[in-house]
Amino acid sequence: MGVRRGRGGPGGPGLEGDVAAYFRRALETLQEGLSPEELDLFAPNVLEEAAAAGAGAALDPSGSRLLEALLPRAPAAALSRVLSPLVGGLGGPAGHPLGARVLEAALRRVPEVLGSEREVLGQLEEAVRRQAEAVRGEALAFARHPNGSFVLRALLRALGGCPGGDPPHHPPEGAEPKRKGAEPVPKGAEPKPKGAGPALKGAGLPPSFPLLLEQLAEILEENLPSLVSPPCASLCLQAALEALRHSQSAACARLCQALIGYLVPPGHAPGESPLVSALEDAQRGRLVEALFGAAGPRCLRGLFREHLRGRLLGVATHRLANHGLQRLLDHAPRDVVGEVLEELGPALQQPLGRGHPGVLTALAGACRRHPPLQPLALRRLLEAVDCWEPPERRRSCLGPLGALRPWGGGDSEKGAGPELSVTVPGSLLLQHLLHFSDPGPVLEALEALHPPALAALALSPPGSRVWDALLSAPSVPPRTRRRLLRKLKGRFLSLACHRNGSRVLDAIFASASPRACAAIAAELAPQRPALLRDPHGRGVERRLRPWLED
């Protein structure tokens, strides 16, 4: 592979014409689409050529896009060969708009390959260590650099053993807009439990990684005022908190206390809350959200009781501060969640009316972790959509809960019709409620739906996630599942030939009894030609073969 000096601009050399043409053709081939088998042959060859080209491949428009696409699945040996020539300071690829994204992709892959053979891991560890040393000499400049900040965030997460990084996020239609720079929300699917503890301290990490992480965190701690803005610098501080928490480093508590001291200085006037003021600020609010995710229960309890108790309604109805309340509920201990429920529960209709349904879904998710709070939470949520009284409305609560609109808001009277509408936040709320220890009102509302509405629910992206929860929640009685599945009789072909419906049908086959699966197979057997003509139906047909052969 040839490299021509002086053609890469700031950050390093460019590529010879024939080498650049190779990467351009390879990118076109990848964009045309490859089967898994073809990709397994294609990727090692391209990564080998990229390693031979050195830093120039990462600075080439086609080469950088190829590497960004292939590095997330690269083996440790290939990753080490591609990463080694890229490490360095802002004068190298780390400061280049293309090179920085390739370096970020390589560092994001590191935690996923740490279990590789020791010889390869040693080479990869050395490359990461050299990059950490380069960053440590100009950490503040990296954090404030529009390209270098991507590298610093990925490096912090790699040193902390955090899988993944900053994937691009496109909010689903109908989802509540989030504070720019905040953690993305999964599309329609139930989020991972936020209360789950971090990985075991240092599990699978090379011995040098925790020390390097703490050294970088100490530099960031010393420069807190310079990291609140621009947004790229703030995101680096958030990544440091995430990495320290994930690795269970003792430096996490120190950085949290330093951040509290900066954002919530002592000596404020009576009746004022600097924490609430920070939550209402676009820049500082992101740091408070990250703080809520990294601080321990004792710290969260103290912040809540000193600064938020008695002010929850104002926080919940503020267009920015409500996101901070949601993050607090994601991580708060039981007593704090109980106090939030007592204070805010009777007034949940107000944040809902202001367009902040995430407050309701976060409260439901927090109560899901604490069963003693669930009966009161269910009542408050039904009251928020005017479905608690009179009791007859509870059988029609699915429409208001799914749309997160009060009774009479447009489709509540039609809760049993095929035009039932479920939004993404409403889907998340219903998923949480179905995992409550007693989801009785939601199950009664589902059983009250007409068969066309149940089928339509399975075909919509948010509604199909409700079906997932219905089929997997341990608190849903098997008898109720069987009754709901019987209502789909005669509609399994429409599900099988639909993107969302086919996935629901897969979940049904994975959870239903052999008798129920046999009944579905018997209904679909005469429709086998129709299944084979449809791309989604072909997958269902393969799933049916054992039943059809019997």
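Among contacts between residues at least 6 apart in sequence, 72% join residues at least 24 apart. The structure is a predicted model. The protein holds 32 helices and 2 strands. Of its 550 residues, 51% count as buried.

Confidence was examined next. The pLDDT averages 87 over the protein, and 86% of the residues score at least 70. Two stretches with lower values deserve mention. Residues 1–12 have a pLDDT below 50, and this stretch makes 29 contacts in the model beyond near neighbours in sequence. Residues 410–418 also have a pLDDT below 50. Beyond near neighbours in sequence, residues 410–418 make 21 contacts in the model. Where pLDDT is low, predicted coordinates should not be read in detail.

The nonpolar interior was then considered. In soluble globular proteins, nonpolar side chains tend to be buried together. Here the largest nonpolar core has 176 residues. Within this core, Leu71, Leu308, Leu446 and Trp467 touch the most other members. The surroundings of Leu71 were listed without its neighbours within four places in sequence. On that basis, Leu71 is in contact with Leu47, Leu79, Val82, Val102, Ala105, Ala106 and Arg109.

Helix 27 spans residues 478–486. Its buried residues are Thr480, Arg481, Leu484 and Leu485. These four residues lie on the same side of helix 27, because they cover an arc of only 135° around the axis. An α-helix has 3.6 residues a turn, so residues three or four places apart point the same way. On the other side of helix 27, Pro478, Arg479 and Arg486 are exposed. Several helices help to cover the buried residues of helix 27. Among them are helix 24 (440–447), helix 25 (451–459) and helix 26 (461–472). Helix 28 (492–496) and helix 29 (499–511) also contribute to this cover.

Helix 29 also packs against helix 30, which comprises residues 514–524. Two packed helices are described by the angle between their axes and the distance between the axes. The axes of helix 29 and helix 30 come within 9 Å and cross at roughly 140°. The two helices are therefore oblique to each other. Helix 29 contributes Leu505, Ile508 and Phe509 to the contact. Helix 30 contributes Cys517, Ile520 and Leu524.

Backbone geometry was examined last. Most residues other than glycine have a negative phi, and most peptide bonds are trans. The peptide bond from Ser229 to Pro230 is cis, with omega near 0°. Pro230 sits in the loop between helix 10 (208–222) and helix 11 (231–246). The bond from Glu389 to Pro390 is also cis, with omega near -5°. Pro390 belongs to the loop between helix 21 (374–384) and helix 22 (398–403).

Asp386 is found in the loop between helix 21 and helix 22. Its phi is positive, near 60°, although Asp386 is not a glycine. Asp386 counts as partly exposed because its relative accessibility is 30%. Leu404 also has a positive phi, of about 50°. This residue lies in the loop between helix 22 and helix 23 (424–434). At 7% relative accessibility, Leu404 counts as buried.

Technical notes. Residues numbered from 1 in each chain as written. Predicted model: local features only at pLDDT ≥ 70, side-chain atom pairs only at ≥ 80, totals over all residues. Heavy atoms only, no water. Buried < 20%, exposed > 50% of the residue type's maximum accessible area, 1.4 Å probe, protein only. Arc of directions from axis to C-beta. Contact = heavy atoms within 4.5 Å. Core = buried A, V, L, I, M, F, W, Y, C linked by side-chain atoms within 4.5 Å. pLDDT = per-residue confidence, 0-100. Axes fitted to C-alpha atoms, helices over the stretch in contact; angles between N-to-C directions. Parallel < 35°, antiparallel > 145°, perpendicular 65-115°, else oblique.
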